[in-house]
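Me: I'm new to reading protein models. Could you pick one part, look at it closely with me, and then show me how to read other places in a similar way?

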Amino acid sequence: MTYQPTGENMKNSNDKFVTEVVENLSKIVGKERVTSNLIDLHSYVRDASPLEAPLPMAVVKPLTTEEVSKILKLANEMKFRVFVRGGGTSAGGGGLAFMENSILIDMTAMNKILEISEANMSVTVQTGVIWSTLNKELAKHGYRVPFWGPESAYGATVGGSLALASMSSQGVTEAGGTYNQVITLEVVLPTGEVIRTGSDSLPNGGRFARVCNGGDYAGIFLGSMGVFGVITEATLKLECLPTAQKCIGVVFKKWKQGIDFVYKILRSKTIPKSLNINPGMRAVKSSYGVEGECAFRIILEEMNEKIADIKEQLIRSYAKELGGFFPDGIDEKVKEWWDGMFFRLVKGEKKYGFAAHACHRIPLQKLPIAVKEAEHYFLEVHRVEERGMHFSVGCYVSEQRPACGFYPFLYYRDEPETRKIALEIWEGWIAHAIKAYGACPYWMGIVWSRNLLPNLRPEYVGFLKRLKRALDPNNVLNPGMLV
Ligand SMILES: Cc1cc2nc3c(=O)[nH]c(=O)nc-3n(C[C@H](O)[C@H](O)[C@H](O)COP(=O)(O)OP(=O)(O)OC[C@H]3O[C@@H](n4cnc5c(N)ncnc54)[C@H](O)[C@@H]3O)c2cc1C
């Protein structure tokens with residue numbers, strides 16, 4: 001399906017215009033890093049969602065911040081639109097050129113790891129670097145980012161993950177998602193100016209503090225789908241690789257016991273690295289073959305075996321106090337799940353087909369109702385399993401708070417007819433979840449945007465639009481992705 005939000009001030013593309021654009025882009029990055037060949041353009045019309053976009057006029061692969069800046073200046077002069085793409089693994093229509101007369105900036109050639117600072121316990125990267133490459137390099141030095149990338153770490157870039165505020169189980173309970181890892185950013189604004197945020201806004205300040213010199217301006221770029229600027233460099237926190245690990249699984253018959261268990265952990269500050277939830281009878285049965293309304297996967301990762309032991313004892317005692325039980329072999333299953341994190345979804349996709357993701361945030365208290373709504377919508381209203389599709393839900397606790405990331409997935413065979421049906425069911429769910437219980441997306445993309453915007457408080461939408469107009473007067477960058 002194609003999506004065409006209305007654009008203003010833009011020239012209509014024709015062969016002459018495309019030739020001029022390509023010539024000018026070539027002057028900026030060199031001929032070998034611009035393409036308008038059909039065969040190349042065709043590989044940029046999908047992301048990991050059921051959506052499909054029109055072909056861009058051209059794709060350009062810059063190597064430096066200066067080149068990104070010149071490309072945006074050119075776009076403002078010549079009046080064409082620019083969409084940005086990282087790894088293209090977005091699950092909601094990101095990294096695609098949704099309007100005619102657009103070019104795509106492919107960020108993956110900007111992939112240098114610029115500095116690992118032991119003194120600052122930080123790493124500075126060009127944002128086209130892929131998480132798995134970064135993780136491998138950091139591990140050589142005994143480090144990792146406290147949240148070390150989404151489950152798509154073998155394809156997703158740091159920049160795409162920051163623009164989408166990506167989160168998942170990898171350390172999120174203790175450390176929060178990608179957005180919580182940011183210390184400072186370098187950003188090319190839609191007009192081509194380059195800014196540095198936080199302590200790095202002072203030329204001799206350094207890259208050590210996020211909120212200073214006037215506010216948290218890294219924050220406006222995180223989760224904003226790249227509509228306010230192209231993030232070209234990021235300085236992220238580091239932590240030492242753990243030396244002690246415990247994997248614990250526990251099942252509760254009743255939701256109330258499980259929710260009390262989370263509060264007990266949070267209030268006693270026995271925070272695990274990851275607290276993942278199998279939500280609902282169906283999820284528990286399929287994972288462990290036992291009856292229960294919820295189950296938990298708890299990962300402790302510490303720098304000291306004794307601390308890990310004490311935390312494990314405490315967590316097991318809280319679980320027992322509240323009526324939790326430990327089916328045979330559950331800890332081994334939890335360990336297997338944790339070790340296979342970056343392959344989990346790919347395995348699911350091999351088995352069931354392509355996944356339409358509908359991840360969003362909810363307070364812990366709303367989890368039982370969200371699961372009930374999702375199961376009712378997919379399994380009873382749309383009877384997806386009878387139509388050859390597969391449905392699953394998952395959840396994790398984030399940022400040491402009673403706040404969750406909730407992820408309903410619809411797997412479908414990626415053929416045109418099935419994809420069309422999956423798209424309708426998936427978008428219908430997003431619209432329903434927003435209205436039924438206030439689902440808040442952390443990553444958006446055009447499907448979430450077009451369903452969320454009419455439901456947001458009008459003053460907030462007005463604020464987003466004013467911000468966009470101020471930063472991007474010609475509406476050249478990622479138009480329609482958010483506002
Ligand atoms: C198998 C699989 C597993 C996944 N697991 C997770 C998960 O655990 N958690 C999660 O949150 N998501 C997950 N996703 C979705 C997606 O992979 C992530 O959100 C990922 O962070 C997107 O990164 P990307 O580089 O592919 O971004 P893209 O898809 O290329 O781009 C996403 C958005 O970011 C913008 N953008 C890209 N680079 C920049 C930049 N440098 N500056 C400004 N804007 C930019 C784009 O314009 C677009 O709007 C998964 C997807 C798949 C296929």
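Reply: Happy to! Helices (H or I, at least four residues) and strands (E, at least two) are DSSP runs, numbered from the N terminus. Please keep in mind that this is a predicted model.

Let's take helix H1, which covers residues 15-29. H1 has 15 residues and reaches 21 Å from its first C-alpha to its last, close to the 21 Å expected at 1.5 Å a residue. Now, which residues of H1 are buried? They are Val21, Leu25 and Val29. Looking down the axis of H1, you find its buried residues within an arc of 55°, so they line one face of the helix. Turn to the other side of H1 and you meet Asp15, Lys16, Glu23 and Lys27, which are exposed.

What do the buried residues of H1 pack against? Their partners are strand E1 (34-35), strand E2 (58-60), helix H3 (65-78) and strand E4 (102-106). Just after H1 comes Gly30, whose phi is positive, at about 95°.

Some of those partners lead us on to a sheet. E1, E2, E4 and E3, in that order, form an open sheet of 4 strands with mixed pairing. E1 and E3 stand at its edges with a single partner strand each, so one side of each has no neighbour in the sheet. As a general point, strands of a sheet pair through backbone hydrogen bonds, either parallel or antiparallel. Here E3 and E4 run parallel and are joined by 5 bridges, and Val82 stands opposite Ile103 in E4.

E3 (81-85) also helps to surround the ligand: along with helix H5 (158-163), strand E10 (230-237) and helix H11 (341-352), it supplies at least two residues of the shell. H5 gives the largest share, 4 residues. Of the 38 residues around the ligand, those that come nearest are Gly86, Ser90, Gly159, Gly160 and Gly226. Sorted by class, the shell has 17 nonpolar, 18 polar and 3 charged residues.

For another pairing, try strand E12 (residues 244-252). In E12, 7 of the 9 residues are buried, so the strand is largely enclosed by the rest of the structure. E12 pairs with strand E14 (residues 294-302) in the antiparallel sense, over 9 bridges, and Phe252 stands opposite Cys294 in E14.

Finally, here are two loop residues to find. Gly30 was a glycine with a positive phi, but Lys269 and Arg383 are residues other than glycine with positive values, near 55° for Lys269 and near 40° for Arg383. Lys269 is in the loop between helix H7 (255-267) and strand E13 (274-279). Arg383 is in the loop between helix H12 (367-381) and strand E17 (390-392). Are they buried or exposed? A residue counts as exposed if 12 or fewer other C-beta atoms lie within 10 Å of its own. Lys269 has 7, so it is exposed, and Arg383 has 10, so it is exposed too.

Technical notes. Residues are numbered from 1 along each chain as its sequence is written. This is a predicted model: local features need pLDDT of at least 70, side-chain atom pairs count only at pLDDT 80 or more; totals for chains, interfaces and linings use all residues. A residue is buried if 20 or more other C-beta atoms lie within 10 Å of its own, exposed if 12 or fewer, and partly exposed in between; C-beta atoms are placed from the backbone. The expected span of a helix is 1.5 Å times one less than its number of residues. The arc is that of the directions from the helix axis to the C-beta atoms. Two residues are in contact if their C-beta atoms, placed from the backbone, lie within 7 Å. Two strands pair if DSSP finds at least two bridges between them. A residue is near a molecule or strand if its C-beta atom, placed from the backbone, lies within 6 Å of it. Ala, Val, Leu, Ile, Met, Phe, Trp, Tyr, Cys and Pro count as nonpolar, Asp, Glu, Lys and Arg as charged, and the others, Gly among them, as polar.
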